[in-house]
Amino acid sequence: IVQTQGEVARLQAMADRDAIANTQLSDTQKRLATLSQNQTALLARLAEFPRFRTLTSPVLPLDDLQKKLKPGEAYYKLALVGETGYGLLVSADKAQIFRLDAKASDLAEMTGKIRESISTVENGQRVTFAFDVVTARKLYSALFGPVDGQMGDVRHLIFEPDGPLMQLPVNLLVREQAGVDAYLARIAKPDADEFDMTGVAWLGRSRMVTTAVSPQAFLDIRAIAPSKAKRRYLGLGENSAPAPTINLTSGAVRGSCDWPMAQWGIPISADELRLASTTLGGAGNQVLTGQAFSDDGLRARGDLADYRVIHFATHGLVSAPRSDCPARPALLTSFGGAESDGLLSFKEIFDLRLDADMIILSACDTAGAATAAATREAGISTGGNFALDGLVRAFVGAGARAVIASHWPVPDDFDATKKLMSGLFSNAANISVGESMRQSQVKLMDNPETSHPYYWSGFAIIGDADKPMIGG
């Protein structure tokens, strides 16, 4: 269609069209009209499939959304138009739209300050500072202040972020000032532990949180029937280092826009996968590491649709190695055969045949740091400067009902991730994944050693947190 439109424009721009050119123009215009009609018919047929609608952003009538919301649920949509921000809070019986007092640049500044206090890189090392609880309280007031009186009744918050808020899990915002004041007074004393944040009223403490990409996508995922897969769990991670002939410490690259080979030299441990497999239980569970976890090996497997939960513990490469390079969002894998590049790209993920209730991406920034370019590469547009990583939607398009993705590398200290995952999987078939996650997070919130959001807040449920991890 684009090529035909260009040909029409070229012919129309001719100063002295002869009879032959006029005939060509007429024929090309007819061909364009036919192509447009065919495209409309194709899109209409594709729109019948929920997973296609999940990759698009169709307009949804407000009452259609309200009919599907349950008691205690609220859908919050953030929309940034230039510097102006708007919030829309929808429940089953009420809807309120309001203009935010904070500008988009203010939201970006607050989000950046909060993220930097959780997980940032200094001198090549990832570090965590005392959490910026004051800014987290300000950001909550900026987003939820006009509807704070309604939030006490919300037990399931479905949050659709925009712009910089796509980089931050909303569960770590602070609802009440009293806990902030108590924390500030406590750390003002000598030898106080500023990482002890017990007593802070986190937004996610008493409500489960779903991250949504659009109202229609949320309803479509809610409507999809549970997986019929026969096996419960497949864990994938701990990639093999590339061939020893490559100097991993040199930063050598295979091409100017390829990721440095050193990226493959820091695999994420498979301990988390083995713990999840054991906790979840079930015959036929598998954990694949090393050379068994290669991109071409995964593409060649014919049994991926046999697993209800597929869990990746690996790095997510969601932007680009350099600013002048095209974005190619992907998950890092081991290198396989001659055609392997050690990456599972958006397009390759979308072509997988899955029947999973849940995909878990326990990786670096798979939920929060994708740029607009990375999202355009995935075929997705956004109104803000950042976008939910296209990898999430790729998995939904491939056949997953929902995705749990991490906003920062999972912590090893105090067995925090082990405790979080143990709680998440131990109730996988009994309660909703959102409630299981919330209960597990609360235990970490209440422990002074793990009360900093770095330890409990990093995972976002994208899909519908009110569903069990393993359906009926």
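**Figure 1. Glutamate 160 and lysine 77 are joined through their side chains by a polar contact of 2.6 Å.** This and the following views show a predicted model. The side chain of glutamate 160 also makes a polar contact with the side chain of tyrosine 75, at 2.6 Å. Glutamate 160 belongs to strand β6, which covers residues 156–160. With a relative accessible area of 6%, glutamate 160 is buried, because the cut-off for that class is under 20%. Apart from neighbours within four places in sequence, its contacts are Tyr75, Tyr76, Lys77 and Leu78, together with Ala212, Val213, Ser214 and Pro215.

**Figure 2. The largest nonpolar core contains 72 residues.** Tyr76, Leu107, Leu143, Phe144, Leu173, Ile404 and Met469 are the members that touch the most others. Helix α6 (residues 133–144) supplies the largest share of this core, seven residues. A second core, separate from this one, has 32 residues, among them Ala217, Ile221, Tyr307 and Leu391. In soluble globular proteins, nonpolar side chains tend to be buried together. Phenylalanine 144 touches Tyr76, Met151, Leu157, Phe159, Val170, Leu173 and Leu203, when residues up to four places away in sequence are not counted.

**Figure 3. Threonine 135 is a residue of helix α6.** Its relative accessibility is 4%, so threonine 135 counts as buried. A polar contact of 2.8 Å links the side chain of threonine 135 to that of aspartate 132. Beyond its neighbours within four places in sequence, threonine 135 is in contact with Met110, Lys113 and Ile114. Threonine 135 and leucine 173 are 38 residues apart along the chain, and 8.7 Å separates their C-alpha atoms.

**Figure 4. Alanine 394 sits in helix α14, residues 390–398.** Alanine 394 counts as buried, with a relative accessibility of 0%. Which residues does alanine 394 contact, leaving aside its neighbours within four places in sequence? They are Phe346, Ile349 and Phe350. From C-alpha to C-alpha, alanine 394 and phenylalanine 346 are 5.9 Å apart in space, while in sequence they are 48 residues apart. Over the chain, 75% of the contacts with a separation of 6 or more are between residues 24 or more positions apart.

**Figure 5. Arginine 222 forms salt bridges with aspartate 464 and with aspartate 466.** The N to O distance to aspartate 464 is 2.8 Å. Arginine 222 is in helix α9 (residues 215–223) and aspartate 464 in the segment after β16 (459–462), so this pair ties together parts that are 242 residues apart in sequence. Both aspartate 464 and arginine 222 are buried; the relative accessible area of arginine 222 is 14%. For aspartate 466, the closest N and O atoms of the bridge are 4.0 Å apart. Aspartate 466 likewise lies in the segment after β16, 244 residues from arginine 222. Aspartate 466 is partly exposed, at 23% relative accessible area.

**Figure 6. A salt bridge joins arginine 274 and aspartate 271.** The closest N and O atoms of this pair are 3.6 Å apart. Both residues belong to helix α10, and because they are three residues apart, about one helical turn separates them. Arginine 274 counts as partly exposed at 39% relative accessibility, whereas aspartate 271 is exposed, with a relative accessible area of 53%. Elsewhere, Lys70, Glu73, Arg222, Asp464 and Asp466 are joined into one network by salt bridges that share partners. The count of salt bridges comes to 15.

**Figure 7. Val81, Tyr86 and Ile97 make a nonpolar surface patch of about 300 Å².** Isoleucine 97 is found in strand β3, residues 95–99. With a relative accessible area of 63%, isoleucine 97 is exposed, because that class begins at over 50%. The whole chain has an accessible surface of about 20600 Å², and carbon and sulfur atoms account for 52% of this.

**Figure 8. Glutamate 238 has a positive phi, and phenylalanine 414 does too.** Most residues other than glycine have a negative phi. Glutamate 238 has a phi of about 50° and lies in the loop between β8 (231–237) and α10 (271–280). At 28% relative accessibility, glutamate 238 is partly exposed. The phi of phenylalanine 414 is near 60°. Phenylalanine 414 is in the loop between β15 (403–406) and α15 (416–426), and counts as partly exposed at 40% relative accessibility.

How values were computed. Residues numbered from 1 in each chain as written. Predicted model: local features only at pLDDT ≥ 70, side-chain atom pairs only at ≥ 80, totals over all residues. Heavy atoms only, no water. Core = buried A, V, L, I, M, F, W, Y, C linked by side-chain atoms within 4.5 Å. Buried < 20%, exposed > 50% of the residue type's maximum accessible area, 1.4 Å probe, protein only. Helix = DSSP H or I, 4+ residues; strand = E, 2+ residues; numbered from the N terminus. Contact = heavy atoms within 4.5 Å. Polar contact = N/O pair within 3.5 Å; in protein donor to acceptor, adjacent residues only side chain to side chain. Patch = residues over 30% accessible without salt bridge, like charges linked within 9 Å, V, L, I, M, F, W, Y side chains within 5 Å. Areas by Shrake-Rupley, 256 points an atom, 1.4 Å probe, with all protein chains shown as cover. Salt bridge = Lys/Arg side-chain N within 4 Å of Asp/Glu carboxyl O.
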